[in-house]
Amino acid sequence: MKLQAVIFDLDGVITDTAHLHFLAWRDAAQAIGIVIDEEFNEQLKGISRLASLERILEHGGRAADFTEAERQAIAARKNACYVESLASLTPQSILPGIKDLIVTLRQKGIRIGLASVSLNAPAILSALGIAHLFDYCADAARVKHSKPAPDIFLAACDGLGVVPQNALGVEDAQAGIEAINASGMASVGIGKDLQGAGLLLASTHELNWPRLAAYWKTRNPVTEALEE
Ligand code: BG6
Ligand code: MG
């Protein structure tokens with residue numbers, strides 16, 4: 001089977017916004033008397049804004065303390081702080097190897113998609129100066145079930161006009177790897193301790209076309225598709 005599309009997660013794969021999310025959540029949590037640290041923040045990777053707030057409230061023992069309107073207000077405060085911090089992003093904020101890989105994939109006729117649950121994804125791609133390199137970005141606002149459900153990856157496949165079996169997804173979060181696997185796509189994990197990744201790489205430094213091609217061949221041994 002031919003590799004027709006590569007679908008990327010954004011935060012932690014294309015750029016490292018996890019720390020900015022952490023600083024904004026730390027500020028919003030502090031305002032309601034909850035302390036979070038970077039280790040706890042690991043649990044929020046790949047998790048939607050409101051689901052992240054749920055986890056923070058549970059962590060602080062305050063899960064039952066806020067109305068829906070109050071939760072929305074806390075999430076809005078976090079997002080305002082986060083959006084302000086996004087002003088620090090420039091094309092230099094793209095993680096190593098990512099832009100070269102995307103350019104190479106495009107030269108090979110492989111379509112490029114985005115499957116991020118971040119509602120800020122379009123603004124981030126623009127700040128990084130690479131929005132034009134994406135053929136389709138799934139709209140997080142229209143996806144019912146967040147990762148680890150496969151919905152956002154399936155929406156990206158649909159928008160790109162490819163079936164999941166002809167696509168490969170790249171993720172840095174456990175929930176994301178589970179979402180890719182559940183979609184039927186091939187999964188590439190960036191980082192460590194990611195269970196179930198078809199190919200696991202320590203960082204984006206190792207993410208390049210020869211590695212992806214070799215991995216795809218192991219899944220599809222009779223493929224004709226990978227002219228180097
Ligand atoms: C994911 C991040 O990409 O986006 C999560 O890994 C974040 O940490 C989620 O909560 C939602 O982002 P946003 O920008 O819509 O608040
Ligand atoms: Mg991520």
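Helices (H or I, at least four residues) and strands (E, at least two) are DSSP runs, numbered from the N terminus. The expected span of a helix is 1.5 Å times one less than its number of residues. This is a predicted model: local features need pLDDT of at least 70, side-chain atom pairs count only at pLDDT 80 or more, and totals for chains, interfaces and linings use all residues. Residues are numbered from 1 along each chain as its sequence is written, chains are lettered from A and ligands numbered from 1 in the order in which they are written, and side-chain values use heavy atoms, with hydrogens and water left out.

**Exercise 1. Find helix 1 and work out what its buried side packs against.**

Step 1: Go to residues 18–30, the 13 residues of helix 1. From first C-alpha to last, helix 1 reaches 18 Å, close to the 18 Å expected at 1.5 Å a residue.

Step 2: Pick out the buried residues, where buried means under 20% relative accessible area, exposed over 50%, and partly exposed in between (1.4 Å probe, protein chains only). In helix 1 they are Ala 18, Leu 20, His 21, Phe 22, Ala 24, Trp 25, Ala 28 and Ala 29. When you look at the spacing, remember that an α-helix has 3.6 residues a turn, so residues three or four places apart point the same way.

Step 3: Now look for contacts, meaning heavy atoms within 4.5 Å. The buried residues of helix 1 pack against helix 2 (38–41), helix 3 (49–59) and helix 4 (68–85).

**Exercise 2. Write down the strand order of the open sheet.**

Step 1: Two strands pair if DSSP finds at least two bridges between them. Start with strand 1 (residues 5–8), which pairs with strand 2 (residues 111–114) in the parallel sense over 4 bridges. Here Val 6 has Ile 112 as its bridge partner, and Phe 8 stands opposite Leu 114.

Step 2: Strand 1 also pairs with strand 4, again parallel and over 4 bridges. On that side, Phe 8 stands opposite Val 170.

Step 3: Work outwards. Strand 2 and strand 3 (residues 136–137) run parallel and are joined by 2 bridges, with Cys 137 as the partner of Leu 114. Strand 4 pairs with strand 5 (residues 186–190) over 4 bridges, also in the parallel sense, and there Val 170 stands opposite Val 188.

Step 4: Put the pieces together: the sheet has 6 strands in the order 3-2-1-4-5-6, with parallel pairing. Strand 3 and strand 6 (199–201) are the edge strands, each pairing on one side only.

**Exercise 3. Is Ile 7 buried or exposed, and what does it touch?**

Step 1: Ile 7 lies in strand 1. Both faces of that strand are covered: Ala 5 and Ile 7 on one side, and Val 6 and Phe 8 on the other, are all buried.

Step 2: Ile 7 counts as buried because its relative accessible area is 0%.

Step 3: Leave out residues up to four places away in sequence, and the residues that Ile 7 touches include Gly 113, Phe 153, Leu 168 and Met 185.

Step 4: For a contrast, try Ser 52: Ile 7 and Ser 52 are 45 residues apart in sequence and 23 Å apart in space, C-alpha to C-alpha.

**Exercise 4. Which residues are the protein donors of the magnesium ion (ligand 2)?**

Step 1: Donors are N, O and S atoms within 2.8 Å of the metal (3.2 Å for Na, K and Ca); water is not among the atoms, so sites may look incomplete.

Step 2: Asp 9 (OD), Asp 11 (O) and Asp 172 (OD) fit, lying 2.0 to 2.1 Å from the ion. Their spacing in sequence is D-x1-D-x160-D. Asp 9, in the loop between strand 1 and helix 1, and Asp 172, in the loop between strand 4 (167–171) and helix 8 (174–183), are 163 residues apart, and the pair links distant parts of the chain.

Step 3: Check the exposure. Asp 9 is buried because its relative accessibility is 4%, and Asp 172 is buried too, at 15%.

**Exercise 5. Divide the chain into domains.**

Step 1: Domain bounds come from an automatic or database domain assignment. Domain 1 is 5–16 + 93–227, and domain 2 is 18–88.

Step 2: Their C-alpha centres lie 26 Å apart, and 12 residues of domain 1 are in contact with 13 residues of domain 2.
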